[in-house]
Amino acid sequence: MAAPTAYSLIATDLDGTLLRGDDTLSERSLAALARAASAGARHLVVTGRPAPRVRPLLDDLGSTGLAVCGQGAQVYDAGADRLLWSVTLDRELAETALGKIEAEVGLVYAAVDQDGVDGLTLIEPGYLMPHPTLPALRVERRDDLWCEPISKVLLRHPYLSDDELAATARSVAGSLATVTMSGPGTVELQPCGITKATGLALAAEYLGLGPDRTIAFGDMPNDIPMFDWAARGVAMANAHPELRSVADEVTTSNEDDGVAVVLERLFPGPRRAWRPV
């Protein structure tokens, strides 16, 4: 059955967008996605989280389809538990980029997401996970971060803001890696040319869909390429100003089920009074 609106593909970020602050999915959001699916629309998670950190959430969504992970570096098939496509960040380039950044701003703390469906998140001494609920393995020294192929590097600075760190990283290391900012305390280095848009475009092609019937939801500057690719971009009320400035629409916050608010309008069904929990 064809979707009754202009949109056949719904692309949602997770953290700060579809997920609440406690990493949960609300009943309202699940119901809105289910209603869109019953109308024929497809849902794609498009997230900075690597595939192993996304599997439990896909289970909550009842998804056995595709997901775009690792800031677009991975297209994951949940039903088969395998990567259909992945790109790794050259580890020598990553070390060089870190050296250039530290030459400008002093010591930074680093972590990496390993490639693969069972890849680990490794963190060096001093690095604090921005999402404490996500599993990570602390290593003894930075050299241990490079023991296996990686999809990206995550950076934190003792006192610089994310915007300041990202701007400096782009200015000195932008030729070595794509620099993104995906959340509070989360500046990342990923393979050159890889963004959420590249992964979303590839996943959409697998599904036989294109940008003209895609609506995307996000909250951070790393979602800008996805908004540029999709026909419509919807920013959350809690979104970074850079994303809000390029969005076609601003909905309510992730805590107030902003994704569901828009989907209920696009895919109307029986009215229900939703109350905060």
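In this predicted model, strand E2 (residues 42-46) and strand E3 (residues 66-69) run parallel and are joined by two bridges. Within this pairing, Val-45 faces Ala-67 of E3. Strand E2 also has strand E1 (residues 9-12) as a parallel neighbour, and here four bridges link the two strands. Ile-10 has His-43 in E2 as its bridge partner.

These pairings belong to a wider arrangement. Eight strands make up an open sheet, and reading across it gives the order E5-E4-E3-E2-E1-E12-E13-E14. The pairing in this sheet is mixed. An antiparallel example is found where strand E4 (residues 74-77) meets E5, with four bridges between them. Tyr-76 can be located opposite Leu-83 of E5. Following the order outwards leads to the edge strands, E5 (82-86) and E14 (249-250), each of which pairs on one side only.

A further open sheet contains six strands in the order E8-E7-E6-E9-E11-E10, and its pairing is likewise described as mixed. Its edges are taken by strand E8 (137-138) and strand E10 (178-183); each has a single partner strand, so one side of each is left without a neighbour in the sheet. Further in, strand E6 (residues 109-114) pairs with strand E7 (residues 121-123) in the antiparallel sense, over three bridges. Here Val-112 stands opposite Leu-122 of E7.

Helix H5 is a good place to see how a helix meets this six-stranded sheet. H5 lies across strand E9 (150-156), E10 and strand E11 (186-190), and runs at about 170° to E10. Helix H5 (residues 162-173) also packs with helix H4 (residues 91-105): their axes are 9 Å apart and the angle between them is about 120°. That angle makes H4 oblique to H5. The crossing of these two helices is right-handed. On the H4 side, the contact is made by Ala-97, Lys-100, Ile-101, Glu-104 and Val-105, while H5 contributes Leu-165, Thr-168, Ala-169, Val-172 and Ala-173. Sorted by class, this contact has seven nonpolar residues, one polar residue and two charged residues.

A second helix pair can be followed in the same way. Helix H2 (residues 27-38) and helix H9 (residues 258-266) pack at about 35°, with 9 Å between their axes. The crossing of H2 and H9 is left-handed. From H2, the residues making the contact are Arg-28, Ser-29, Ala-32, Leu-33 and Arg-35; from H9, they are Ala-260, Val-261, Leu-263 and Glu-264. Five of the residues in this contact are nonpolar, one is polar and three are charged.

Charged residues also deserve a look across the structure. Side chains of opposite charge can pair when their charged atoms come close. A search of the whole structure finds 16 salt bridges. One of them joins Arg-20 to Asp-257, with the closest N and O atoms 3.4 Å apart. Arg-20 sits in the loop between helix H1 (14-18) and H2, whereas Asp-257 is in the loop between E14 and H9, so this pair ties together parts that are 237 residues apart in sequence.

Key:
Residues numbered from 1 in each chain as written. Predicted model: local features only at pLDDT ≥ 70, side-chain atom pairs only at ≥ 80, totals over all residues. Heavy atoms only, no water. Axes fitted to C-alpha atoms, helices over the stretch in contact; angles between N-to-C directions. Parallel < 35°, antiparallel > 145°, perpendicular 65-115°, else oblique. Left-handed = near helix turned anticlockwise from the far one by under 90°. Contact = heavy atoms within 4.5 Å. Nonpolar A, V, L, I, M, F, W, Y, C, P; charged D, E, K, R; others polar. Pairing = 2+ DSSP bridges. Salt bridge = Lys/Arg side-chain N within 4 Å of Asp/Glu carboxyl O.
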